[in-house]
Amino acid sequence: MEGFNLIDVSAKLSRMLLEYNNLHIHITKVVDKSTFETAPSASSIAANDLWYDDLDHVILSPEEKERCHLKLHRAIGCDGHVHAVAEGLKELCDSGIPLSYEGDRVVDIWVMNTTMFDVSDLPSTSILKLRDPISGVTIRVLSTYEDQDMLRSVGADVCRRVGFGVPEASAAPKAAMTSAPHWWVAAIVEGQGERRMVHVDVCGAAYGDSGFRRQDGELVSLLVFTTPVYELCKSLPKRMVGQDLSHKFLMEPNVSTKEGKIKFLQPLSVRHLRSFHAKDGSSVEVTPLETFVRRRNKNGVLGAKWSRLVAALRDELVLITPPGTGFVVCNLEKRPELNGRKGRVHESVILEPPTDRVPVWVDGVGNPFKLKTNCVRLTTRKQYSSFEQIFQRVQKASRAIEEQIDSVKPVPKKAAAAFSKALKKDAVLAHAWSTLMSGKMTVSFFEDKKFVQGIRKLCSPPFDAVLPPFMMPPLTDGLAVADHPKAAETFAILKMCKTAKLRAMEENPGIVRGGAVQVDKGSDFYQVLTRIAEKVKADPGLTEVFDMMDRNHQFPNPVKQLEHF
């Protein structure tokens with residue numbers, strides 16, 4: 001079967017968090033649309049009971065009240081929410097529940113976190129504030145280091161009255177005070193030979209309107225966006241960071257392509273990966289799903305209530321599994337000899353009236369019969385990797401890079417000395433070399449006549465001796481574009497594409513897919529691509545140069561791109 005939609009399942013888990021661990025405050029007064037006075041509650045409060053009945057709700061619509069409740073619930077304790085979601089996803093995967101996204105199957109699940117989740121640009125009106133009715137102190141409902149300092153300074157009584165605990169002391173650099181530690185989940189999905197990351201943030205509601213979505217008619221806290229699959233590297237040793245991160249990996253802002261490694265920065269609007277733009281050494285940390293759940297459970301399990309909720313979700317999904325889906329019998333007490341046998345689902349169950357049994361065929365049993373859902377373990381390939389498996393892949397990638405470096409023959413001393421001397425005297429050569437060493441070179445750089453002149457020198461004796469062999473093909477391919485009679489028109493089209501792509505990414509970060517922008521018919525970007533494709537198709541010279549760039553993996557031919565629609 002294709003699999004259950006990852007986003008639908010994540011939305012269900014997000015809703016379940018409200019039932020598992022709700023707020024312990026009442027709102028006693030609405031000061032304005034983002035500021036409230038509260039009173040503590042000894043028991044958890046459901047959404048309908050959050051607002052006192054005698055409050056004047058005129059200034060808040062029902063949906064605004066619902067959004068406030070979700071923001072309050074997700075603004076604090078993000079790591080705990082993600083712990084619950086991670087355990088839920090692991091339990092579903094272990095039960096054989098197949099997950100997918102837009103038809104692509106889930107092949108791995110990671111838990112992400114960053115200590116530098118920048119929220120400095122959030123408008124004040126989108127941040128909830130709680131005012132203590134006794135002291136008059138107003139506290140923002142955010143977990144930034146600045147707000148944690150505020151909670152520590154006002155004391156335990158004020159914190160208790162507004163429904164917060166006193167956070168532990170933490171040392172954060174001054175530049176990080178407007179940032180918060182943040183956690184979310186990312187799934188690696190694969191389809192048609194392409195992999196991408198689907199980021200799922202159940203605490204998204206706390207950080208803007210994009211963190212809300214309607215799922216099955218209900219408002220849930222869920223932010224979803226896609227990116228390329230970033231490369232991982234081993235975490236830094238304890239002596240460098242002051243804590244043991246040996247169970248984690250660091251995500252690098254690099255993506256492997258057919259041309260090699262490229263640095264891929266998301267738009268600044270994607271605050272989860274904004275640290276890649278920073279110069280403060282902050283990073284995004286990755287913990288394999290299995291490792292994260294095991295380590296968190298050492299510090300305190302989520303308990304029977306969450307297990308029951310997840311089991312109910314699993315049963316719901318098993319009941320609607322398509323007919324013909326394979327499974328293995330398990331947990332059967334009355335006929336234990338059937339445990340371990342394979343079978344297939346006979347028919348899906350419509351959940352009216354409610355039932356906990358699914359019709360199945362079992363190998364060696366003549367007629368179909370019904371099994372309880374907890375006796376059915378769907379057969380699907382494992383959907384998450386162990387720490388050791390990821391570690392081996394990271395090591396293999398590192399060795400491949402080292403082998404490539406080792407394969408480069410050392411530059412003769414005379415040639416190296418002559419090149420070093422030439423760099424000091426020849427500004428054109430120095431310009432080309434510094435651009436090349438920056439790692440940011442694209443085919444568009446070959447529009448710069450000074451750069452092209454310098455590259456010609458690098459590719460010719462005696463300076464070609466300093467270039468590793470693997471660097472020569474992309475340079476000669478770029479020179480071929482620069483020398484083409486249609487070069488000027490080509491570079492103008494590349495600029496047009498880049499401008500349209502950046503605008504589309506800023507307006508909607510979620511359209512990034514596999515390192516490229518996913519084009520929707522009717523969008524402005526689609527209209528730009530259509531005009532460009534028509535121009536290229538009508539001109540044999542442009543067709544030739546764009547076919548050449550497509551063949552050399554320098555730039556995709558827009559005519560071929562639109563053939564997929």
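A cavity here is a set of grid points where a 1.4 Å probe fits but cannot get out. With that in mind, here are four close-up views of this predicted model.

**View 1. The enclosed space in the model and the residues around it.** There is 1 cavity of 30 Å³ or more to look for. About 40 Å³ of space lies in the largest cavity. To find its walls, start with Lys71 and Ala75, go on to Ser126, Ile127 and Leu128, and finish with Val141, Leu142 and Ala206. By class, this lining holds 6 nonpolar residues, 1 polar residue and 1 charged residue.

**View 2. Helix α1 crossing helix α3.** Here α1 (residues 6–20) meets α3, with axes that come within 10 Å and cross at roughly 130°. Angles from 65 to 115 degrees count as roughly perpendicular and those over 145 as roughly antiparallel, so α1 is oblique to α3. The crossing of these two helices is right-handed. On the α1 side, look for Leu6, Val9, Leu13 and Leu17; on the α3 side, the partners are His81, Ala84, Val85, Gly88, Leu89 and Leu92. The contact of α1 with α3 counts 8 nonpolar and 2 polar residues, with no charged ones.

**View 3. Helix α3 again, this time with helix α8.** The axes of α3 (residues 78–94) and α8 (residues 304–319) come within 10 Å and cross at roughly 40°. Angles under 35 degrees count as roughly parallel, so this crossing makes α3 oblique to α8. The handedness of the α3 and α8 crossing is right-handed. From α3, the contact takes in Ala84, Val85, Glu87, Gly88, Glu91 and Leu92, while α8 brings Trp306, Val310, Leu313, Arg314 and Leu317. Sorted by class, the contact of α3 with α8 has 7 nonpolar, 1 polar and 3 charged residues. If Ala84 and Val85 look familiar, that is no accident: they are among the α3 residues in contact with α1 and among those in contact with α8.

**View 4. Helices α12 and α13.** Our last stop shows α12 (residues 449–458) and α13 (residues 472–483), whose axes come within 11 Å and cross at roughly 135°. This angle makes α12 oblique to α13. The α12 and α13 crossing is left-handed. Val452, Ile455 and Arg456 represent α12 in the contact, and Leu475, Leu479, Ala482 and Asp483 represent α13. Among the residues of this contact, 5 are nonpolar, none are polar and 2 are charged.

Key:
Residues are numbered from 1 along each chain as its sequence is written. This is a predicted model: local features need pLDDT of at least 70, side-chain atom pairs count only at pLDDT 80 or more; totals for chains, interfaces and linings use all residues. Side-chain values use heavy atoms; hydrogens and water are left out. On a 1 Å grid over the protein atoms alone, a cavity is a set of points where a 1.4 Å probe fits but cannot get out, and a pocket is an open set with protein on both sides within 12 Å along at least five of seven lines; lining residues have an atom within 4 Å of a point. Grid points are joined across faces, edges and corners, and a volume is the space filled by probe spheres set on the points. Ala, Val, Leu, Ile, Met, Phe, Trp, Tyr, Cys and Pro count as nonpolar, Asp, Glu, Lys and Arg as charged, and the others, Gly among them, as polar. Axes are lines fitted to C-alpha atoms, for helices over the stretch in contact, and angles run from 0 to 180 degrees between N-to-C directions. Helices (H or I, at least four residues) and strands (E, at least two) are DSSP runs, numbered from the N terminus. A crossing is left-handed if the near helix is turned anticlockwise from the far one by less than a right angle, and right-handed if clockwise. Contact means heavy atoms within 4.5 Å.
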